[in-house]
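Trainee: I have the model open. Can we go through it by question and answer?
Mentor: Yes. Ask, and I will reason from the coordinates.

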Amino acid sequence: MAVVIRLSRRGAKNNPFYRIVATNKRYSRDGGAYLEVLGTYNPTGKTNVVTVKKDRYDYWLGKGAKASPTVVRLVKKAEAPAAAAPSK
């Protein structure tokens with residue numbers, strides 16, 4: 001079974017909301033069958049909010065899953081603010 005990490009679209013018309021999921025490559029994008037939800041992406045808010053379960057994301061990559069280019073970009077975006085935040 002080839003596992004991919006990609007976006008699954010949810011939400012309403014003109015109001016998208018995405019889940020970052022680990023799924024079988026052969027399943028359709030929004031088929032509902034996925035192995036695990038790894039995070040979310042909301043592009044419609046004031047700021048594009050991305051949440052990722054980094055430990056589970058790394059787990060699936062370690063098992064041989066391939067992440068889509070969009071997911072790779074979003075994960076980097078989710079990590080950047082955390083690394084750049086000043087510590088008190």
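Mentor: One term to begin with: contact means heavy atoms within 4.5 Å. Also keep in mind that this is a predicted model.

Trainee: Among contacts in the chain between residues at least 6 apart in sequence, what share joins residues at least 24 apart?
Mentor: Take the contacts between residues at least 6 apart in sequence. Then keep those that join residues at least 24 apart. The share is 31%.

Trainee: In what order do the elements of the chain run from the N terminus on?
Mentor: The chain has two helices and five strands. Read from the N terminus, the order is β-β-β-β-α-β-α.

Trainee: What percentage of the residues of the chain count as buried?
Mentor: The cut-off for buried is under 20% relative accessible area. The chain has 88 residues. Of these, the buried part is 27%.

Trainee: What part of the accessible surface of the chain belongs to carbon and sulfur atoms?
Mentor: The accessible surface comes to about 5900 Å². The part that belongs to carbon and sulfur atoms is 53%.

Trainee: Is Glu 36 buried or exposed?
Mentor: Glu 36 sits in strand β3, residues 36-42. Its relative accessible area is 16%. The limit for buried is under 20%. Glu 36 is therefore buried.

Trainee: Which side chains make polar contacts with the side chain of Glu 36?
Mentor: One polar contact, at 2.9 Å, goes to the side chain of Arg 56. Another, at 2.8 Å, goes to the side chain of Trp 60. Beyond four places in sequence, Glu 36 also touches Ile 20, Val 21 and Ala 22. The polar partners are Arg 56 and Trp 60.

Trainee: How far apart in space are Tyr 18 and Pro 43, C-alpha to C-alpha?
Mentor: Tyr 18 belongs to strand β2, residues 15-24. Outside four places in sequence, its contacts include Leu 7, Gly 39, Tyr 41 and Pro 43. Tyr 18 and Pro 43 are 25 residues apart in sequence. In space, their C-alpha atoms are 8.3 Å apart.

Trainee: Where is Asn 14 found, and is it buried or exposed?
Mentor: Asn 14 is in the loop between β1 and β2. Its phi is near 60 degrees, a positive value in a residue other than glycine. Exposed means over 50%. At 72% relative accessibility, Asn 14 is therefore exposed.

Trainee: What distance separates the C-alpha atoms of Val 50 and Ala 78?
Mentor: Val 50 lies in strand β4, residues 49-52, and is buried at 15% relative accessible area. Beyond four places in sequence, Val 50 touches Thr 40, Tyr 41, Leu 74, Lys 77 and Ala 78. Val 50 and Ala 78 are 28 residues apart along the chain. Their C-alpha separation is 5.7 Å.

Trainee: Which residue has its backbone oxygen 3.5 Å from a polar atom of the side chain of Arg 6?
Mentor: Arg 6 is part of strand β1. It is buried, with a relative accessible area of 18%. Its contacts beyond four places in sequence include Arg 19, Tyr 27, Ser 28, Ser 68 and Val 71. The backbone oxygen at 3.5 Å is that of Ser 28.

Trainee: Which residues is Ser 68 in contact with, leaving aside its neighbours within four places in sequence?
Mentor: Ser 68 lies in the loop between β5 (66-67) and α2 (69-84). The C-alpha atoms of Ser 68 and Ile 5 are 6.2 Å apart, with these positions 63 residues apart along the chain counted as their separation. The residues in contact with Ser 68 are Ile 5 and Arg 6.

Trainee: What is the volume of the largest cavity?
Mentor: Rolling a probe the size of a water molecule over the atoms shows where empty space is left. The count comes to one cavity of 30 Å³ or more. The volume of the largest cavity is about 50 Å³.

Trainee: Which residues of the lining lie nearest the centre of the largest cavity?
Mentor: The lining has 10 residues. By class, three are nonpolar, five polar and two charged. β1 (3-12) and β2 each supply at least two of them. Nearest the centre lie Ser 8, Val 21, Ser 28, Arg 29 and Ala 33.

Technical notes
Residues are numbered from 1 along each chain as its sequence is written. This is a predicted model: local features need pLDDT of at least 70, side-chain atom pairs count only at pLDDT 80 or more; totals for chains, interfaces and linings use all residues. Side-chain values use heavy atoms; hydrogens and water are left out. Helices (H or I, at least four residues) and strands (E, at least two) are DSSP runs, numbered from the N terminus. Buried means under 20% relative accessible area, exposed over 50%, partly exposed in between (1.4 Å probe, protein chains only). A polar contact is a pair of N or O atoms within 3.5 Å; within protein, one must be able to donate a hydrogen and the other to accept it, and residues adjacent in sequence count only if both atoms are side-chain atoms. On a 1 Å grid over the protein atoms alone, a cavity is a set of points where a 1.4 Å probe fits but cannot get out, and a pocket is an open set with protein on both sides within 12 Å along at least five of seven lines; lining residues have an atom within 4 Å of a point. Grid points are joined across faces, edges and corners, and a volume is the space filled by probe spheres set on the points. Ala, Val, Leu, Ile, Met, Phe, Trp, Tyr, Cys and Pro count as nonpolar, Asp, Glu, Lys and Arg as charged, and the others, Gly among them, as polar. Accessible areas come from the Shrake-Rupley method with a 1.4 Å probe; for residues, only the protein chains shown count as cover.
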